[in-house]
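Trainee: Got a minute to go through this one with me? I'd like to know what stands behind each label.

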Amino acid sequence: MNKATVAAKRWWYIMPIVFITYSLAYLDRANFSFASAAGINDDLGITKGMSSLLGALFFLGYFFFQIPGAIYAERRSVKKLIFWCLILWGGCASLTGVVSNIPMLAAIRFVLGVVEAAVMPAMLIYISNWFTKSERSRANTFLILGNPVTVLWMSVVSGYLIHAFGWREMFIIEGIPAVIWAFCWWALVKDKPSQVGWLNAEEKQALQAQLEAEQQGIKAVRNYGEAFRSRNVILLCVQYFAWSIGVYGFVLWLPSILRSGMNMGMVEAGWLSAVPYLAATIAMIVVSWASDKMQNRKLFVWPLLLVGALAFFGSYAVGADHFWVSYGLLVVAGAAMYAPYGPFFAIIPEMLPKNVAGGAMALINSMGALGSFFGSWFVGYLNGATGTPAASYMFMAVALVVAVVVTLVVKPPRNDAQPQLA
C-alpha cells in the first residue's frame, strides 16, 4: 500500500467538506458584529448594554447543548447530526433579517447557539475517525481555519452587502448557503473510513490498525463522569474559558472598535477587520505544521497566547490617539490568539481514550462558549460604558495571561502513544 497516496486521498476528500461546513457555521454567528456596527441597534431601539447581551446570547445556547450533541455524534452519527444542524442554523440566520423587536432577536440568537452547539465537537470527533496522531494538529487546523478565513471574506462581503442593501438583507442572504450545503453534506459524507468506496480494503485496514494502536497506549477511562472529573480536563476547561474571552471579545467587537477609533464607513471597516484574520490564517497553518512535526503541543499554545496578551497590553498603552499603531497591535493579537487552536485540540484525543474523548472535547468547548458569552458581553459593556476600547484591551489581555498560566500547569500523562508535552 502507498501510504502517501492514502494520506492524500483523505486530505482531499475530507478536508474541503470539513472546512466549508465550519466556515458556514462561523459566518452565521459572526455577522452579527457587522449588523451591530451598521444600525441594527438604532432600527430596533437596542441600548448599548442590551446590544452586548444580544451578541453574547448565542454563546449561552451554545454552552448548554455541546455535550448532548457530542454524545450523539460519538455514539450515533456525525453525518445525521450536522445535516439537521446546517438546515436549522441557516434558517435561524436568515430569520434574523426579518426580526421586528428585541425579544424575537434574543430568541433567534439563543436558538442559533443551540443548533450550532454540536458542530465543533462533532467535527473534532469526525476528524479523529479519519486522521492519526501525527496528522491531527494539521487536520484540526483545517477545520478551525473556517473561523478566520470566513471572517476574512465575510468582513469584506458583509461590508458591501450592508452598504448596498442593509443589515436585514445581509442576514437573509448569508443564511441561505448553509441550507443548500446541508444536502451536499448528506451526499458526500460517511461517518467512518469503512463506509467509503474511495479507499480499498487494504487501505481501510491499515488506517484502522494505526488508529487502534494509538488507543492502546492511553490509560482506560470508564465513563464520561470519570473523564470530566480528571484534573487535566478541568484545567483545560478553565484555560479555554479564559482564552475564549479574548478571542470573542475581539471577534464580535472589532468592527465597532475600528469605527470608534477612526471615522470610516462599513466597507472600510470591513477591509480593516479582515487583515487580522489573514494574519491568523497564515499563523495557524505554520503552527499546526510545526506542532505535528515536533509532537509538542503545549509549546505551540502558551507562548502564542502570551504574545496576544502583550499585544493587547500594547494597544492599551498606546491609546486612542495612535490609531494605526494600535491597529497593528490588534493584527498581532488576532493572529496570536488563533494560531494555537490546532495543537490545543490535538491534546485531548491524545490524552483520553476514544470512548470519552469526544465528550471531554465538548465539555472543554462548552466552557469556551461560556467564556465567549462573558467576553463578548463584557467587552461590549466596557466599550459602551467607557466610550473607548482601552478598558476592553486590558480585560482581554488579563484573560489571556490567565490562559497562559493554566496551560503551563496542565501535565497530561506521558506514554508511548502520546506526544511529549512541554
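**Labels and their cut-offs**

Mentor: Sure. Start with the surface, where Leu95, Val98, Ile172, Ile176 and Ile180 make up a nonpolar patch with about 430 Å² of accessible area together. Keep in mind that this is a predicted model: local features need pLDDT of at least 70, side-chain atom pairs count only at pLDDT 80 or more, and totals for chains, interfaces and linings use all residues. Residues are numbered from 1 along each chain as its sequence is written, and side-chain values use heavy atoms, with hydrogens and water left out.

Trainee: What makes Leu95, Val98, Ile172, Ile176 and Ile180 a patch?

Mentor: Patch members need over 30% relative accessible area and no salt bridge; nonpolar side chains (Val, Leu, Ile, Met, Phe, Trp, Tyr) are joined within 5 Å, like charges within 9 Å. The areas come from the Shrake-Rupley method with a 1.4 Å probe, and for residues only the protein chains shown count as cover. Helix 11 (residues 167–188) gives the largest share of the patch, 3 residues. Helices here are DSSP runs (H or I, at least four residues), strands are E runs of at least two, and both are numbered from the N terminus.

Trainee: Why is Val98 called partly exposed?

Mentor: Buried means under 20% relative accessible area, exposed over 50%, and partly exposed is in between (1.4 Å probe, protein chains only). Val98 has 48%, so partly exposed is the label. Val98 sits in the loop between helix 6 (78–95) and helix 7 (102–116).

Trainee: And how do you know that Asn296 is buried?

Mentor: Its relative accessible area is 14%, so Asn296 counts as buried. Asn296 belongs to the loop between helix 15 (266–294) and helix 16 (302–318).

Trainee: What makes Arg138 and Asp292 a salt bridge?

Mentor: The label asks for a side-chain nitrogen of Lys or Arg within 4 Å of a carboxyl oxygen of Asp or Glu. For Arg138 and Asp292 the N to O distance is 2.8 Å, and the pair qualifies. Arg138 is in helix 9 (residues 136–144) and Asp292 in helix 15, so the bridge ties together parts 154 residues apart in sequence. As for cover, Arg138 has 26% relative accessible area and is therefore partly exposed, while Asp292 has 7% and is therefore buried.

Trainee: Which other salt bridges does Arg297 form?

Mentor: Arg297 pairs with Asp292, closest N and O atoms 3.0 Å apart, and with Glu350, at 2.7 Å. That second pair links distant parts of the chain: Arg297 in the loop between helix 15 and helix 16, Glu350 in helix 18 (residues 341–351), 53 residues apart. Both Arg297 and Glu350 are buried. Arg138, Asp292, Arg297 and Glu350 are thus linked in a network of salt bridges. A search of the whole structure finds 5 salt bridges.

Trainee: How many helices and strands are there?

Mentor: The protein has 20 helices and 0 strands. Of its 422 residues, 60% are buried.

Trainee: What is the average pLDDT, and where is it below 50?

Mentor: pLDDT is the predictor's confidence in each residue, from 0 to 100. The protein averages 83, and 90% of the residues score at least 70. Residues 415–422 are below 50, though the stretch has 30 contacts in the model beyond near neighbours in sequence, a contact being heavy atoms within 4.5 Å. Where pLDDT is low, the predicted coordinates should not be read in detail.
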